[in-house]
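Open the model in your viewer and keep the selection panel at hand. The tour goes from one selection to the next and says what is there at each stop.

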Amino acid sequence: MFQGPTKECPFLGVYCEVEMQVRAIAKDVGIPPRKMRLVTNAVKGLRVNEALAILQFLPNAGATPVSKVVASAAANAENNYNLNPDDLYILNIVADDSFRIKRVKPRSHGRAARILRRFCHVTVIVSDDPADAGR
């Protein structure tokens with residue numbers, strides 16, 4: 001049964017159940033967005049508990065920061081909106097590009113090669129409505 005917040009409907013004048021979307025963001029994670037998307041695509045649309053279990057055993061380096069952000073989004077939903085973390089789904093999870101550290105690597109014959117160290121932002125949106133998750 002839905003135990004989330006209620007809101008007065010302006011047209012009917014009655015209180016109805018509202019599905020909530022809660023987010024958490026990790027900024028400037030030191031992993032390239034292309035590698036991070038391998039991890040985020042593996043858990044998109046899953047329940048939060050299932051996603052945390054999968055992320056615990058993924059060998060990718062991006063699994064640790066993604067699991068922290070998913071856990072943070074679930075904690076935000078529980079503490080700020082009194083939602084049950086067992087009922088939450090990952091509605092959307094995105095790895096966006098952040099800044100790049102530009103370095104120079106010496107090459108032969110006096111040339112130089114550019115090295116770009118890419119960083120990313122990870123945004124997780126969780127919802128208590130399974131219809132939003134597309135499952």
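What covers the buried residues of H2? Keep in mind that this is a predicted model. Select helix H2, residues 48-57, and colour Val 48, Ala 51 and Leu 55, which are its buried residues. Viewed down the axis of H2, these buried residues fall within an arc of 60 degrees, so they line one face of the helix. The cover over them includes helix H1 (33-43), helix H3 (63-81), E4 and E5. Now turn to the face of H2 that points away from its buried side, where the exposed residues Gln 56 and Phe 57 are found.

**Helix H1**

Next, select residues 33-43, which make up helix H1. Which residues of H1 are buried? They are Pro 33, Met 36, Val 39, Thr 40 and Val 43. Around the axis they cover an arc of only 115 degrees, which puts them on the same side of H1. Show the neighbours as well: what covers the buried residues of H1 includes E3, H2, H3, E4 and E5.

On the face of H1 turned away from its buried side, select the exposed residues Arg 34, Lys 35, Leu 38 and Asn 41. Arg 34 counts as exposed because its relative accessibility is 72%, and the cut-off for exposed is over 50%. Add Ala 95 to the selection: its C-alpha is 8.1 Å from that of Arg 34, although the two are 61 residues apart in sequence. Then step past the end of the helix to Gly 45, which follows H1 and has a positive phi, near 85 degrees.

**The sheet**

Now switch to the strands. In what order do the strands of the open sheet lie? The order is E3-E5-E4, three strands with antiparallel pairing. Strand E3 (21-29) and E4 are the edge strands, each pairing on one side only. From one strand to the next, the twist averages 15 degrees. H1 packs on this sheet and touches E3, E4 and E5, with its direction at about 165 degrees to that of E4.

Select Thr 123 in E5 to see both pairings from one residue. Thr 123 is the bridge partner of Ile 25, and Thr 123 is also the bridge partner of Val 94. E3 and E5 run antiparallel and are joined by seven bridges, while 15 bridges join the antiparallel strands E4 and E5. Follow E4 into E5 through their hairpin, which has five residues between the strands, and stop at His 109, where phi is positive, near 60 degrees.

**The aromatic pair**

How many aromatic pairs does a search of the whole structure find? The search finds one. Select Phe 99 and Phe 119: their rings are stacked, 4.5 Å centre to centre, with 20 degrees between the planes. Phe 99 lies in strand E4 (residues 89-106) and Phe 119 in strand E5 (residues 112-127), so the pair ties together parts that are 20 residues apart in sequence. Turn on the surface to compare the two rings' residues. Phe 99 is partly exposed, with a relative accessible area of 38%, whereas Phe 119 is buried, at 10%.

**The core**

For the last stop, hide the surface and show side chains. Which residues touch the most other members of the largest nonpolar core? Of its 29 residues, they are Met 36, Val 66, Val 70, Ile 90, Val 122, Val 124 and Val 126. E3, H1, H2, H3, E4 and E5 each supply at least two residues of this core. The largest share, seven residues, comes from H3.

Finish on Val 70 and show what surrounds it. Leaving aside residues up to four places away in sequence, Val 70 touches Val 48, Leu 52, Leu 55, Ile 90, Ile 93 and Val 124. Val 48 and Leu 55 were coloured at the start, among the buried residues of H2.

Note on methods. Residues numbered from 1 in each chain as written. Predicted model: local features only at pLDDT ≥ 70, side-chain atom pairs only at ≥ 80, totals over all residues. Heavy atoms only, no water. Phe/Tyr/Trp six-rings, centres within 6.5 Å; stacked < 30°, edge-to-face > 60°. Helix = DSSP H or I, 4+ residues; strand = E, 2+ residues; numbered from the N terminus. Buried < 20%, exposed > 50% of the residue type's maximum accessible area, 1.4 Å probe, protein only. Arc of directions from axis to C-beta. Contact = heavy atoms within 4.5 Å. Pairing = 2+ DSSP bridges. Axes fitted to C-alpha atoms, helices over the stretch in contact; angles between N-to-C directions. Core = buried A, V, L, I, M, F, W, Y, C linked by side-chain atoms within 4.5 Å.
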